[in-house]
Amino acid sequence: PFFGGKNLSVVIHIPSGRVLNKFIGFLNEINPDKDFWKELDEISLEEIKNSTLKINLALFGSAFGYEKCGGFIQNLNEENFNLRNYLASILRCYANQYANAIKQLSPNEKYTKIILSGGISNKLKFLKNYLHDVTGYDVERVKPEFDETFSGLKKLSKNI
């Protein structure tokens with residue numbers, strides 16, 4: 001049940017901030033003097049689309065997409081195993097979790113719009129354009145003053 005007598009379909013526990021902290025934290029353990037969050041922010045949409053590693057971000061047992069042995073990185077080879085491709089692949093695989101969840105919730109493409117809510121969706125600047133490109137849906141962000149998930153959902157309920 002949702003606000004105003006409506007129903008809301010959701011996919012829960014999609015890996016987000018916690019898992020990004022783990023992947024970036026791993027790099028910080030190797031080189032604590034480098035700002036890998038800044039590097040992540042500098043990855044272009046084109047690099048993200050062209051990234052080649054397959055990364056399952058479901059590191060936690062309760063995470064959407066968790067498999068019996070946890071997360072993984074696949075498709076490593078000597079040409080693509082570098083920092084830029086690693087970071088771009090993390091971002092692509094992160095966004096693809098949401099694109100896949102959207103396809104699950106709307107297999108007949110009955111929806112026309114995606115609304116991004118939450119702190120991470122506002123921090124990852126590429127996300128809006130990437131999701132539009134891979135799903136074809138219009139994508140909006142909740143305004144920054146509503147960037148926390150529950151505040152954003154409360155505001156969104158008024159538009160339904």
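Visitor: Why is Phe3 called partly exposed?
Guide: In this predicted model, Phe3 has a relative accessibility of 43%. Partly exposed covers the range between the buried limit of 20% and the exposed limit of 50%, and the value for Phe3 therefore places this residue in the partly exposed class.

Visitor: What makes Phe2 buried?
Guide: The relative accessible area of Phe2 is 16%. Buried means under 20%, so Phe2 counts as buried.

Visitor: How many aromatic pairs are there, and why is the pair of Phe2 and Phe3 called edge-to-face?
Guide: The count comes to four aromatic pairs. The ring centres of Phe2 and Phe3 are 4.9 Å apart, which satisfies the limit of 6.5 Å for a pair. Their planes stand at 75 degrees, and an angle over 60 is edge-to-face, so that name applies to Phe2 and Phe3.

Visitor: What makes the pair of Phe23 and Tyr86 tilted?
Guide: The centres of Phe23 and Tyr86 are 6.4 Å apart, with 45 degrees between the planes. The distance lies within 6.5 Å, so the two rings form a pair. The angle is neither under 30 degrees nor over 60, and the pair is therefore tilted. Phe23 belongs to helix H1 and Tyr86 to helix H4, so this pair ties together parts that are 63 residues apart in sequence.

Visitor: How do you know whether Phe23 and Tyr86 are buried or exposed?
Guide: Phe23 has a relative accessibility of 9%, and the relative accessible area of Tyr86 is also 9%. Both values are under 20%, so both residues count as buried.

Visitor: Which residues touch the most other members of the largest nonpolar core, and which element gives the largest share?
Guide: Leu124, Phe126 and Leu127 touch the most other members of this core, which has 35 residues. Two or more residues come from each of H1, helix H2 (36-41), H4 (83-105), strand E3 (113-116) and helix H6 (127-135). H4 gives the largest share, with 10 residues. Beyond neighbours within four places in sequence, Leu124 is in contact with Leu20, Leu91, Tyr94 and Arg141.

Visitor: Why is the pairing of Asp41 with Lys125 called a salt bridge?
Guide: The closest N and O atoms of Asp41 and Lys125 are 3.6 Å apart. The limit for a salt bridge is 4 Å, so the pair qualifies. Asp41 is in helix H2, while Lys125 is in the loop between helix H5 (119-123) and H6, so the pair ties together parts that are 84 residues apart in sequence. Six salt bridges are found in the whole structure.

Visitor: Why do Asp41 and Lys125 receive the labels partly exposed and exposed?
Guide: Asp41 has a relative accessibility of 42%, which lies between 20% and 50%, so Asp41 is partly exposed. Lys125 has a relative accessible area of 57%, over the 50% limit, and therefore counts as exposed.

Visitor: What makes Glu140 and Lys113 a salt bridge?
Guide: Their side chains meet at 3.7 Å, N to O, and this value is within 4 Å, so the rule is met. Glu140 lies in strand E4 (residues 138-141) and Lys113 in strand E3, so the bridge ties together parts that are 27 residues apart in sequence.

Visitor: How do you know that Lys34 and Glu39 form a salt bridge, and is each residue buried or exposed?
Guide: The N to O distance between Lys34 and Glu39 is 3.0 Å, which is within 4 Å, so the pair counts as a salt bridge. Lys34 is partly exposed at 33% relative accessible area, whereas Glu39, at 15%, falls under 20% and so counts as buried.

Visitor: Why can Leu8 belong to a surface patch?
Guide: Leu8 has a relative accessible area of 39%. Patch members need over 30%, so Leu8 passes this cut-off. Leu8, Val10 and Ile12 form the nonpolar patch, with about 270 Å² of accessible area together. Leu8 itself lies in the segment before H1 (17-30).

Visitor: What makes Ile30 exposed?
Guide: Ile30, in helix H1, has a relative accessibility of 61%. Exposed means over 50%, so Ile30 belongs to that class.

Technical notes. Residues are numbered from 1 along each chain as its sequence is written. This is a predicted model: local features need pLDDT of at least 70, side-chain atom pairs count only at pLDDT 80 or more; totals for chains, interfaces and linings use all residues. Side-chain values use heavy atoms; hydrogens and water are left out. Patches are made of residues with over 30% relative accessible area and no salt bridge: like charges are joined within 9 Å, nonpolar side chains (Val, Leu, Ile, Met, Phe, Trp, Tyr) within 5 Å. Accessible areas come from the Shrake-Rupley method with a 1.4 Å probe; for residues, only the protein chains shown count as cover. Helices (H or I, at least four residues) and strands (E, at least two) are DSSP runs, numbered from the N terminus. Buried means under 20% relative accessible area, exposed over 50%, partly exposed in between (1.4 Å probe, protein chains only). A nonpolar core is a set of buried Ala, Val, Leu, Ile, Met, Phe, Trp, Tyr and Cys residues joined through side-chain atoms within 4.5 Å. Contact means heavy atoms within 4.5 Å. Rings of Phe, Tyr and Trp (its six-membered ring) pair if their centres lie within 6.5 Å; planes under 30 degrees apart count as stacked, over 60 as edge-to-face and the rest as tilted.
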